[in-house]
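Here is a short note on the model you sent round. It is meant to be read with the coordinates open.

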Amino acid sequence: MPSLNTVLLSPTDRGLRAAASLLRDGETVAFPTETVYGLGADATQGRAVAKIFEAKGRPRFNPLIVHVADRAAAARLADLPSEAALLAETFWPGPLTLVLPRRPDCPLTDLVSGGLATVALRIPAHPVARDLLQAFGGPIAAPSANISGRVSPTMAGHVLDGLRGRIAAVIDGGPCPVGLESTIIGFDNNRPVLLRPGGIPLETLREVAPDMSLNRSADITAPGQLTSHYAPTARLRLNAPAPDPDELLLAFGPLGDGPGLTLSATADLQEAASNLFACLHEIDRMARERDMRKIAVQPIPDTGLGLAINDRLKRAAAPDA
Ligand code: TXA
Ligand code: MG
């Protein structure tokens, strides 16, 4: 990936305006939250969110937490079942993330949901995170600001150690007070399920959600294994340079004459990543419409974002594996 000149910003009006403007331009900016530093991008821009995965070197499109300024903003993105509304009222702003069904008109890129029908939302309590959300004026997707597989950063210096040259900026807001990631709660038929223990003690959660279960349903426990909300009816044939006559083509590069779609006409991995889930939905719809059963997928290099794209395609090709 290209080497960027990562700037260190202070949490002043000027610094926050600069950060917000970088986010609007589709760049990545790390910022402090009360839990850990997050690596933020505009959650409505697919290419911007693709840059998060690229910077972190994440080999998979795990879904990301989307940070919002207030409950009205959350309600524009997702439906809050009654149990969720109660938890939100009690613990937001704070180190609690709720996994909620996306609204049909949800403007977030599919990439923040890893192709799922849900989105993980949180209203952070850290003043710098809140000021940034205000200055930016929209939802910010942010996983922890570390290289994939490394320890989460709790100081701006940690972020720079891992991501210098890979992200546009870091806002230095000093050490994170909680130092532990947010507690994540999902819902199984309106019943809360603890998906990841974190910043809020279990006992405290139980006071508000006494029926919360810990043994989560297998589907939502391990994000790497998450079932997709799009279940392809057509079969994917991977690494296919050209389609057979009875196949649609999912191209990487120019589409050519046959029926199909391209992930990126210019074979750009960032663009392909940002289009991936939408293209999978759309080509599956095309296949159903034409009563075609097979989709040839052109080879995608196993470098950079290609790793995560190929991981997702492999799992879409063998949905039961
Ligand atoms: O404290 C935190 O939560 C920090 C700060 C920056 O907010 N963020 C953080 O993000 O820890 P990350 O990406 O490192 O962890 C997010 C977790 C992942 O395990 C992911 O799989 C899960 O949340 N997650 C996100 N969306 C989900 C969804 N729709 N369904 C199930 N799990 C989801
Ligand atoms: Mg993390």
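The points below cover the nonpolar cores, a parallel sheet with the helix across it, a helix pair and a hairpin strand.

1. The model is predicted. The points that follow should be read with that in mind.

2. The largest nonpolar core holds 78 residues, and those touching the most other members are Phe61, Val66, Leu87, Leu98 and Leu250. Helix H9, residues 269-290, is the main contributor to this core, giving 10 residues. A second core, separate from it, has 16 residues, among them Leu9, Ala19, Val29 and Ile171.

3. What does Leu98 contact, leaving aside neighbours within four places in sequence? Its partners are Ala84, Leu87, Ala88, Trp92, Val119, Ala120, Leu121, Ile185 and Phe187. As background, nonpolar side chains tend to be buried together in soluble globular proteins.

4. Four strands form an open sheet with parallel pairing, in the order E11-E14-E12-E13. Strands E11 (235-237) and E13 (260-262) are at the edges and have a single partner strand each, so one side of each lacks a neighbour in the sheet. The average turn between neighbouring strands is 20 degrees, direction ignored.

5. Within that sheet, E12 (residues 247-251) pairs with E14 (residues 294-297) in the parallel sense, over 4 bridges. Leu249 has Ala296 of E14 as its bridge partner. Helix H9 lies across E11, E12, E13 and E14, and runs at about 165 degrees to E12.

6. H9 also packs against helix H2 (residues 46-56), at an angle of about 110 degrees and with the axes 8 Å apart. The two helices are therefore roughly perpendicular. The crossing of H2 past H9 is right-handed. On the H2 side the contact is made by Gly46, Arg47, Ala50, Lys51 and Glu54, and on the H9 side by Gln270, Glu271, Ala273 and Ser274.

7. Is strand E2 (residues 29-32) covered on one face or both? Both faces are covered: Val29 and Phe31 lie on one side, Ala30 and Pro32 on the other, and all are buried. This fits the general pattern for a regular strand, in which side chains alternate between the two faces of the sheet. Val29 is also a member of the second core.

8. E2 has a hairpin connection to E3, made through 4 residues. The pairing of E2 with E3 (residues 37-42) is antiparallel, over 4 bridges, and Ala30 has Leu39 of E3 as its bridge partner. E2 also pairs with E8 (residues 169-171), here in the parallel sense over 2 bridges, with Val29 opposite Ala169.

Definitions and conventions: Residues are numbered from 1 along each chain as its sequence is written. Chains are lettered from A and ligands numbered from 1 in the order in which they are written. This is a predicted model: local features need pLDDT of at least 70, side-chain atom pairs count only at pLDDT 80 or more; totals for chains, interfaces and linings use all residues. Side-chain values use heavy atoms; hydrogens and water are left out. A nonpolar core is a set of buried Ala, Val, Leu, Ile, Met, Phe, Trp, Tyr and Cys residues joined through side-chain atoms within 4.5 Å. Buried means under 20% relative accessible area, exposed over 50%, partly exposed in between (1.4 Å probe, protein chains only). Contact means heavy atoms within 4.5 Å. Two strands pair if DSSP finds at least two bridges between them. Axes are lines fitted to C-alpha atoms, for helices over the stretch in contact, and angles run from 0 to 180 degrees between N-to-C directions. Angles under 35 degrees count as roughly parallel, over 145 as roughly antiparallel, 65 to 115 as roughly perpendicular and the rest as oblique. A crossing is left-handed if the near helix is turned anticlockwise from the far one by less than a right angle, and right-handed if clockwise.
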